[in-house]
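Dear colleague,

I am passing on a structure for you to look through, and below it I have set out what was found in it.

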Amino acid sequence: MTNFRPFDSSLTTAAELPPANDRKALRKTLRKRRQQLSPLQQKRAARNLARILNRSLNVIRARHIAVYLPSDGEIDPQAFISMARRRGVRFYLPVLHPIYSGRLVFMPWHSGSRLTANRFGIPEPAFHAQECRPAWALDLVLMPLVGFDESGGRLGMGGGFYDRTFAFARVRQRLCPTLIGLAHETQKVPELAMASWDIPLDAVVTDRTLYDPRSKEVSQ
């Protein structure tokens with residue numbers, strides 16, 4: 001764990017949060033927290049995130065990793081990506097499925113890849129069926145979070161894209177890649193009300209530490 005404190009801990013008290021079952025209000029509050037982080041705080045958080053990820057055995061061993069490009073104040077994984085590319089890691093970005101609405105496919109992402117904004121304004125590579133990597137063939141998925149708890153509960157933007165894409169984990173857990181959520185420490189909440197369709201995380205990594213709710217071998 002690092003000693004860096006990215007945000008005033010007084011802003012993370014449960015008393016300031018909406019009820020756990022009010023996902024809409026909770027999402028609004030937590031998005032505002034991360035949006036208020038300064039560029040310097042974001043830069044430091046990205047650096048700390050990279051250090052912590054690079055201490056995880058599951059991360060170090062992974063060769064096919066799905067990542068994201070940050071927006072809306074999300075913690076930035078690009079410092080980690082730059083380090084991991086030197087090890088020969090192959091990265092993939094999520095792309096909105098052109099046929100199955102509400103699902104994702106994963107396209108290779110290189111430093112020179114051409115990206116185009118999708119309908120949500122998020123840059124993504126062009127879809128080519130012969131190049132996409134199936135979700136089950138990924139080693140690791142690093143996904144952005146709006147909120148999380150220490151039990152592996154995840155609050156996303158509300159679209160359900162990751163939950164639909166990895167729904168097969170309920171019946172074929174062994175085929176599912178390791179799912180790790182990335183967030184600022186200030187996005188942690190005491191408890192999240194989980195829906196029946198939510199796919200729990202194997203771990204969460206923040207700019208301060210790694211949370212391993214399943215006691216899965218993720219940390220060093």
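A residue is called buried here when its relative accessible area is under 20%, and exposed when that area is over 50%. Please keep in mind throughout that this is a predicted model.

To begin with the whole protein, there are 5 helices and 11 strands, and buried residues make up 47% of its 220 residues. Its accessible surface comes to about 11300 Å², with 51% of that belonging to carbon and sulfur atoms. If one takes the contacts between residues at least 6 apart in sequence, 68% of them join residues at least 24 apart.

Among the helices, α2 covers residues 39-53, which makes 15 residues, and from its first C-alpha to its last it reaches 21 Å, close to the 21 Å expected at 1.5 Å a residue. The buried residues of this helix are Q42, A45, A46, N48, L49, A50, I52 and L53.

Turning to the strands, β3 (residues 104-109) has 6 of its 6 residues buried, so this strand is largely enclosed by the rest of the structure. Its partner β2 (residues 90-96) is joined to β3 by 6 bridges, and the two run antiparallel; within this pairing, P94 stands opposite F106 of β3.

Another strand, β1 (residues 64-66), contains H64, which counts as buried because its relative accessibility is 15%, below the 20% limit. If its neighbours within four places in sequence are set aside, H64 is in contact with R90, Y92, R133, A137, L138, D139 and L140.

For a contrast, you might look at G158, which sits in the loop between β8 (154-155) and α5 (161-165). With a relative accessible area of 56%, G158 is exposed. Although G158 and R23 are 135 residues apart along the chain, their C-alpha atoms are separated by 8.7 Å.

Lastly, there is the largest pocket, whose volume is about 730 Å³. Its lining is made up of 34 residues, and those that lie nearest its centre are I122, P144, M157, F161 and Y162. The elements that give two or more residues to this lining are α1 (23-35), β2, β5 (123-125), β8 and α5, and the largest share, 4 residues, comes from β2. Strand β2 is thus worth viewing in both settings, as the antiparallel partner of β3 and as a contributor to the lining of the largest pocket.

With kind regards

Definitions and conventions
Residues numbered from 1 in each chain as written. Predicted model: local features only at pLDDT ≥ 70, side-chain atom pairs only at ≥ 80, totals over all residues. Heavy atoms only, no water. Expected span 1.5 Å × (residues − 1). Buried < 20%, exposed > 50% of the residue type's maximum accessible area, 1.4 Å probe, protein only. Contact = heavy atoms within 4.5 Å. Pairing = 2+ DSSP bridges. Areas by Shrake-Rupley, 256 points an atom, 1.4 Å probe, with all protein chains shown as cover. 1 Å grid on protein atoms, 1.4 Å probe; cavity = no way out; pocket = protein on both sides within 12 Å on 5 of 7 lines; lining within 4 Å. Points joined across faces, edges and corners; volume = space filled by probe spheres on them.
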